[in-house]
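Colleague: I am new to this structure and would like a close look at the empty space inside it. Could you walk me through that one part?

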Amino acid sequence: MSNEFLGRPGVAQITWLREQLRDETIGGVLLLAAAAIALIWANSPWGDSYTTLVDTSVGPAAIGLDLPLSVWAADGLLVVFFFVVGLELKHELTLGSLSKAREAVVPAAAAIGGMVIPAAVFVAVNLSLPEGDLSGWGIPMATDIAFALAVLAVVGRKLPVALRAFLLTLAVVDDLGAITVIAIFYSEKFSLPWFIAAVATYALYWLAQKQRITSPLVYVPLVLLGWYFTHESGVHATIAGVIFGFLTRVRPDPGEKEAPADRLMHLIHPISAGICVPLFAFTAPGVDFRSVGFIDSLTTPVALGILAGLVIGKPLGVIAGAWLTARFTRATLNKDIAWRDVLAIGVLAGIGFTVALLITELAYYEEPGLLDSAKVAVLAASVLAAGLAALALRARTRHYAEIAANEPADDADDVPAPPHEPDSR
């Protein structure tokens, strides 16, 4: 049985998508501004003050939380970002593009290809060159949806909603893959008692959702404890955010205007996109080129592996995963969309900023030289991918405008409510 790939989503899904993408687009502009400020400051005559600031330790030392501001940004603020990722993933799996196996298989395969091939390219480059280092193989796996949407806001305003939905699906699945890689390969000093305590908080959160408890007096302490226990267990603390988001109920009960996930998304998504991610972007990419040569940094095996993985491996993985799976499942491509459009989205997915920088910090925190080199490569690859995607999308501007002119207008007042099925989801 055939099915359509990249068909136009339903009205309810379009409304949800546009809200998420709008917040991410605004966040992407702020992210770029924060990263630019960090780079300018780090390379100014006052660059030492930037380093002093991000390395300043704050927090209660008695419970092991006397951490540098850069670590607070990665382990604390990004938990909010990954909580939103968990909410988006739960929505996609329950109500969205991943909720029906037949419709989900092609975009899921594209996302998996877009993770596996870049990692394989990184490994191949570092195995083939002297002084290669395999520790950062996870760096080119993830897509930065906020940065990508900031590019779309400039060059892809007429991009069909089906392609925007595909990009969001890629980013969500990529983030899930990246956080799984972080949990398994980039966590250290695992402590079983602390991890059991963390799991207990996850279970209590799930039970509170199942019992329809709504008081923040229950959830805020649970989330804070879950984050702390996860942090102390040796598993990276951002994992807690994804788990709590995924355990949040996404279907409204009869009489409920919104499910808890929707209410939390409205409240937290702007905070994540507008505050947490930009602050992380301010603390993470500040490479001081006064002591680190830009060209020298880009010629190391680690940097070349990241560049090749994001700029070449990512689009190849996305298009190969989608095309091969579509052929195998006999899925037909939307008649208004060509495979070159899917490839353009794959190029855009090569913008790997936020999560790529996070994995960079985890992979090379003990090797400052490789750390700076990897950061430079992530920045350069993201800018290069953005430029190449802009060219590919610009070439299709007229075609996208024709599609937009023929698409039906979406009236939010006509959006049907999700089915009222009382359950723990």
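Modeller: Happy to! The structure holds one cavity of 30 Å³ or more; here a cavity is a set of points, on a 1 Å grid over the protein atoms alone, where a 1.4 Å probe fits but cannot get out. Grid points are joined across faces, edges and corners, and a volume is the space filled by probe spheres set on the points. By that reckoning, the largest cavity has about 70 Å³ of space. This is a predicted model, in which local features need pLDDT of at least 70 and side-chain atom pairs count only at pLDDT 80 or more, while totals for chains, interfaces and linings use all residues. Residues are numbered from 1 along each chain as its sequence is written, and side-chain values use heavy atoms, with hydrogens and water left out.

Now for the walls. Lining residues have an atom within 4 Å of a point, and for the largest cavity they are Glu24, Phe81, Thr143, Asp144, Ile145, Ala146, Asp175, Ser272, Ala273, Val277, Thr354 and Val355. Two or more of the lining residues come from each of helix H5 (145-155), helix H10 (260-283) and helix H14 (354-364); helices are DSSP runs of H or I with at least four residues, numbered from the N terminus. H10 gives the most, with three residues.

As for chemistry, the lining has six nonpolar, three polar and three charged residues. In this count Ala, Val, Leu, Ile, Met, Phe, Trp, Tyr, Cys and Pro are nonpolar, Asp, Glu, Lys and Arg are charged, and the others, Gly among them, are polar.

Conventions
1 Å grid on protein atoms, 1.4 Å probe; cavity = no way out; pocket = protein on both sides within 12 Å on 5 of 7 lines; lining within 4 Å.
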